[in-house]
Amino acid sequence: MADQATKAFFGDGIERHLDALYSVAIHLTRSNADAEDLVAEAVAKAWAAIDTLNDQARFRPWIFRILHNTFVSDYRKKSVRPLEASIDSNDNAEDDLANLLGEQSDDFLVWWSNPEREFFNNLLGQTLMDALDDIPDAFSTVIVLVNVEGFTYDETAEVLGIAPGTVRSRMKRGRTMLQKALWHQRPGLQEGIEHDA
Amino acid sequence: MTHDIGCLRAIETFYAYLDGELEDSDSIAEFEHHLEHCRSCYSRIDMEKMLNQRIRKSAQHDSPEELRNRVAELMKKF
């Protein structure tokens, strides 16, 4: 039975990370309603498993791991996100960025090596999220955890139950995929220009 | 004197550098030295930083009041 101090600690932790949990849940489920259900379910599961939190300083990766595990066990079947076929083989492949870039078309490489500032300046948030949604979950989730929520590679590995080297590999590959998805969206960008005041 | 690591090695280090995962000071110094001397890599890293900011801004959401209330109700039962 948890004591009052543990309850207070747990409550503070949830309060502090609720926005981040909800943001990651939206990314995973792609649905505001499902994201709310997922977070609530993860909070209930986390409290039931509070005894497994051996180090309170590790609360953040611990609660996000429960969120992710809950998504995998209860929500993934409903998800419309791209399937993760061949992810493991990609992780084991030669993953240095030079090789990854060597697999790309010359047109993309010219754009990659000479990025257009205006393109990035004018990128609509929705266009960016659509591009992120276009890449497989295993890669986009690593990008969200690292680039959006500020997890280290080690913490991200802990959340997803994978090796830190796999996080590093998925970051490189995922960011290349993201840029390729953005590159593919360039022709239609004129309709999506964001005019900053 | 810091030697230039060249674009290929710099490219390998891009994301570890941006994500704060490049821990040893020599590697950081070598990478930054290359950036100071390579317009293409400097420009690339600048765009990567901008893209990071845009991803962060677009993917962060405030939790809705309904969820906050729901979690608060849940906590009362613990």
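Helices and strands here are runs picked out by DSSP, at least four residues long for a helix and at least two for a strand, and they are numbered from the N terminus. Keep that in mind as you look at this predicted model. With that way of counting, chain A has 11 helices and 0 strands. If you walk along chain A from the N terminus, the pattern reads α-α-α-α-α-α-α-α-α-α-α.

Chain B can be read in the same spirit. It contains 4 helices and 0 strands, and along the sequence they give the pattern α-α-α-α. The radius of gyration of chain B is 20 Å, while the globule rule gives 12 Å for 78 residues, so chain B is more spread out than a compact globule. You can check this by eye: the C-alpha trace of chain B spans about 65 × 25 × 15 Å along its principal axes.

Now for what is tucked inside. Of the 197 residues in chain A, 35% are buried. For chain B, 21% of the 78 residues count as buried. A residue earns that label when 20 or more other C-beta atoms lie within 10 Å of its own.

Contacts tell you how each chain folds back on itself. Take the contacts in chain A with a separation of 6 or more: 73% of them are between residues 24 or more positions apart. In chain B, among contacts between residues at least 6 apart in sequence, 62% join residues at least 24 apart.

Next, let's see where the two chains meet. Here 35 residues of chain A are in contact with 33 residues of chain B. On the chain A side, the elements giving two or more residues are helix 1, helix 2, helix 5 (97-102), helix 8 (125-134), helix 9 and helix 11 (164-185). Helix 1 of chain A provides the largest share of that side, with 9 residues. Sorted by class, the side of chain A that touches chain B has 22 nonpolar, 7 polar and 6 charged residues.

One helix pair lets you look at this meeting place in detail. Two packed helices are described by the angle between their axes and the distance between the axes. Helix 2 of chain A and helix 4 of chain B (residues 65-77) pack at an angle of about 20°, with their axes 10 Å apart. Angles under 35 degrees count as roughly parallel, and these two helices are therefore roughly parallel to each other. Their crossing is right-handed. From helix 2 of chain A, the contact uses Glu36(A), Val39(A), Ala40(A), Val43(A) and Ala44(A), and from helix 4 of chain B it uses Glu66(B), Leu67(B), Arg70(B), Val71(B) and Leu74(B). Those residues divide into 7 nonpolar, no polar and 3 charged.

Let's go back inside chain A and follow helix 10 (residues 153-160). The axes of helix 9 (residues 137-148) and helix 10 of chain A come within 10 Å and cross at roughly 130°, and the two helices are therefore oblique to each other. This crossing is right-handed. Thr141(A), Val142(A), Leu145(A) and Val146(A) in helix 9 meet Tyr153(A), Thr156(A), Val159(A) and Leu160(A) in helix 10. By class, that makes 6 nonpolar, 2 polar and no charged residues.

Helix 10 of chain A also packs with helix 11 of chain A, at an angle of about 105° and with the axes 8 Å apart. That makes helix 10 roughly perpendicular to helix 11. Here Tyr153(A), Asp154(A), Thr156(A) and Ala157(A) of helix 10 touch Pro164(A), Thr166(A), Val167(A) and Arg168(A) of helix 11. This contact has 4 nonpolar, 2 polar and 2 charged residues.

Did you spot Tyr153(A) in the contacts with helix 9 and with helix 11? Is Tyr153(A) buried or exposed? With 23 C-beta neighbours inside 10 Å, Tyr153(A) counts as buried. Leaving aside neighbours within four places in sequence, Tyr153(A) is in contact with Val146(A), Pro164(A), Val167(A), Arg168(A), Asp19(B) and Glu21(B).

Finally, have a look at Arg30(A), which lies in the loop between helix 1 (4-29) and helix 2 (32-48) of chain A. Its phi is near 60°, a positive value in a residue other than glycine. Arg30(A) has 15 C-beta neighbours inside 10 Å, so Arg30(A) counts as partly exposed.

Methods:
Residues numbered from 1 in each chain as written. Chains lettered and ligands numbered in written order. Predicted model: local features only at pLDDT ≥ 70, side-chain atom pairs only at ≥ 80, totals over all residues. Rg over C-alpha atoms; globule rule 2.2 N^0.38 Å. Buried ≥ 20, exposed ≤ 12 C-beta atoms within 10 Å, placed from the backbone. Contact = placed C-beta atoms within 7 Å. Axes fitted to C-alpha atoms, helices over the stretch in contact; angles between N-to-C directions. Parallel < 35°, antiparallel > 145°, perpendicular 65-115°, else oblique. Left-handed = near helix turned anticlockwise from the far one by under 90°. Nonpolar A, V, L, I, M, F, W, Y, C, P; charged D, E, K, R; others polar.
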